[in-house]
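Hi everyone, thanks for making time for this. I'd like to walk you through one structure, piece by piece, so keep the picture open while I talk.

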Amino acid sequence: MNGQPFVRYVAGLIAGIVLYVLWPDEHYLPVGALAVGLCLYVRGFFQHSDQPIKPVQTLPGLGILLMLTGLGWAITFQRTASNRPTNISHLADSLQAYVGVVSAQPEERAKTYRVELEIQQGKWISHKTLGGRKTPLDTTSVWHALSGRVIVYLDKAGQPLPTYGEVWVVSGPPRPIDPPLNPGEFNYKRYLSYRNIGHQQYLRPFQRQILAVDPPNPVIQLATQVNRWAHSALTHQIGTRPEFGVVNAMILGVRDDLDTEQYQAYSAAGAVHILSVSGLHVGILFQVLTFLLGFLAKRKGGKIMMAVLQLTILWFYALVTGFSPPVLRSAGMFSMVIVANALGRQQLLPNTLGASAFFILCFDPYALFSAGFQLSYLAVAGIGAWQSSLYQSVTFRSTWANRLWELTAVALVAQLITFPLGVFYFHQFPTYFLLANPVVIIMSEILLPLAMLCLALSWVPYLNSVVGWLLQKAAWLLNEAVQLTSTLPGASWDGLWLSPAALMLTYGIIFCGAALLLTRNRTYLWATCFASIALAVVLIAEITEQANQEKLAVHFLPHHTAVSLTSGRQSTLLTDLDSTDARSYDFYLKNTFGQWGVLSMKKAYLNRSGTPVDALGSMPGLHQSRDWALCVWHGKTILLANKVNGRSHWRLPAVVDYLIIRRNALREWDELNGRVVARHIIFDDSNRTPLTDKLLADARQRGITCFSVRQMGAYVVDLE
């Protein structure tokens, strides 16, 4: 540790960032940490004034850590846009329009363009409250300073792709991004908040007007222009869509040309990480360049020339990706390695990783909570610490066999160190990663340089066609290898779930076990055993709780019905979602059932009238008509109301426990009189939002207790 100061520095900075996220309003924390740290630092030097000053003494070292903790808190506070008084999150009045600049490269979707706008000004009507009612205070059309970032989904409708730096006037207010409305659902709101994005808006073309083109950052403008040029060049050189889709994803970070089946094949084979521009790509490019340019190191001044070429190509790749944040992080890290090698400076991997992470977190403290950041640094640190020992444990006479074993050792170590975090975030494990990863890495070592060469020679006739043909064939081979692996039986172990406690204990087993193998110290043996027993206890407790659960849930599923009856680790889902719409189920519901440990799922698809069309016909206690479906489950009566108004005059004589209103069945509360009495009334999201809002407002005036999944999230009740 004495020779690796940045490992300590980044630890202090991370502590401050985490403290801010946990306690953002406790301003005494950074002040106290800075004051105590400074006192310890000064006292440590005075205490040892009669001795030669050492850079790492107990008190000064602790003082530096505390000061960096305070610095981490302060940097995170400063980088949080909602702390600015002009931020849109503080606006209490109704926003009529705003001016914003396109601050990132827009993305093309199936029916929309996804655009990030940096708000500059806003226009709203100020109100004052008199007698409990809001009265307009200022009706003049005055523009005020306003800040914040908003995601805009612009309806294509024949519109060209927006460009970076366009200044728009947008009419209408953006709405805050919804928090997760189902248990275990991906927290998109928190994910975007780490990028200082808190609002979104869906626009028709007539709702925006382009005022000018004024790029806020000329370097980013250059990167976006190079990115679009590279997209055009690769499109011209690679004719087939599947191959172009892979190259486009690997080189430019754009997945628009990947079809669903192709993406699922890469996911099942454990190779989906190759489809996102990341530190892995920069690392592969760095290794290839080191190998190809290694002959320069033996010449006079060759190290400097080699470093210049490496830095030029690495940063050109970063430029081509549009300065993707993961690529920028890795390019910065490898740039430090290149410069150190060129200057003949001894550099240790932990210190280099610590230094790159330190400067990245100073610039973007919320990168700490990015899955890509965590997985990248874990993988590189694990490979640097353990790959050499694993590789040297087995040797082969054949050079090719040794090369294959080296790649396999890299894959083993990377998978071992990242699989708990991968399961925690993505809830799956690729069974055949050992088959796919060496092939993927080898093909990537061919694809990335070929793609760079293809772009460099795109202006040379004939030669560019040859390189483009080679690139297309390399991408075809990669696709075929991945497709073959994904079709093997049990290619993907899906539905896995790790709680935070289980995640930490799993890493405790991995680190203590690795330390035991490397040091043969019995202390690590006992630590490994303790962590294993603790993990077993946690998992057994979780499985026991899941085995005894009885849950009724009305889930949030946009514009659809989704009601689940969960008993133990089995569940029945009543839904009108199209059986082919796997994407909506995966995003909104899959994690819920994974968190609940559901192993067996039976789906009952409802037709437009709400009648179950399959899977529930033999369910005991099921009664149904065109206007309603009633079932008795674990002694509770559940009624799905499909039609209340109109000429239907159905009536239930008994009180039902749960009344689920769907498809705008209820328009006025009086329509329930004489029909049904319910203890709990729930509106699912197949009802129109304005109608539900009106009924909720009327319910408050009438003293009726009801629940809406759109406004309040999934309705979950334990019936144990």
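Let's start with a sheet. Six strands, in the order β17-β18-β19-β20-β21-β22, make an open sheet with mixed pairing. At its edges are β17 (622–624) and β22 (707–708); each has a single partner strand, so one side of each is left without a neighbour in the sheet. Before we go on, please remember that what you see is a predicted model.

If sheets are new to you, here is the background. The strands of a sheet pair through backbone hydrogen bonds, and they can do so parallel or antiparallel. For a parallel example, look at β19 (residues 636–641) and β20 (residues 655–661), which are joined by 4 bridges. Within that pair, I638 sits opposite Y658 of β20.

Now find the other sheet I want to show you. This open sheet has 5 strands, again with mixed pairing, and the order is β16-β15-β14-β13-β23. Which strands stand at the edges? They are β16 (600–605) and β23 (715–718), and because each has a single partner strand, one side of each is left without a neighbour in the sheet. From one strand to the next, the twist averages 15 degrees.

Let's zoom in on β14, residues 562–567. Of its 6 residues, 5 are buried, so to speak of it as mostly covered is fair. On one side, β14 runs antiparallel to β13 (residues 550–554), and 5 bridges join the two. You can pick out individual partners here: V554 is opposite V563, and A553 has S564 as its bridge partner.

β14 also pairs with β15 (residues 570–575), again antiparallel, through 6 bridges. One of the partnerships there links A562 with T575. β14 and β15 form a hairpin, with 2 residues between them. Look at G568 in that turn: its phi is positive, about 65 degrees.

Time for some helices. How far apart should the ends of α1 be, given 1.5 Å a residue? This helix covers residues 5–22, which is 18 residues, so the expected span is 26 Å; the end C-alpha atoms are 26 Å apart, which agrees. The buried residues in α1 are F6, V10, G12, L13, G16, I17 and Y20. Looking down the axis of α1, you would see these buried residues fall within an arc of 155 degrees, so they line one face of the helix. They pack against α3 (58–79) and α11 (349–363).

We can try the same check on α15 (residues 463–486). Its 24 residues should span 34 Å at 1.5 Å a residue, and its end C-alpha atoms are 35 Å apart, which agrees. Its buried residues include V467, G468, L471, A474, A475, L478 and V482. Among the elements covering the buried residues of α15 are α5 (218–237), α6 (241–252), α7 (260–268) and α14 (433–456).

Last stop: cysteines. A disulfide is a covalent bond between the sulfur atoms of two cysteines. How many disulfides does the model have? The count is 0, taking a disulfide as a pair of cysteine sulfur atoms within 2.5 Å. Two cysteines to find on your screen are C454 and C706: C454 is buried, with a relative accessible area of 1%, and C706 is buried as well, at 14%. Both values fit the cut-off, because buried means under 20% relative accessible area.

That's my tour, and I'm happy to take questions!

Technical notes
Residues are numbered from 1 along each chain as its sequence is written. This is a predicted model: local features need pLDDT of at least 70, side-chain atom pairs count only at pLDDT 80 or more; totals for chains, interfaces and linings use all residues. Side-chain values use heavy atoms; hydrogens and water are left out. Two strands pair if DSSP finds at least two bridges between them. Axes are lines fitted to C-alpha atoms, for helices over the stretch in contact, and angles run from 0 to 180 degrees between N-to-C directions. The expected span of a helix is 1.5 Å times one less than its number of residues. Buried means under 20% relative accessible area, exposed over 50%, partly exposed in between (1.4 Å probe, protein chains only). The arc is that of the directions from the helix axis to the C-beta atoms. Contact means heavy atoms within 4.5 Å.
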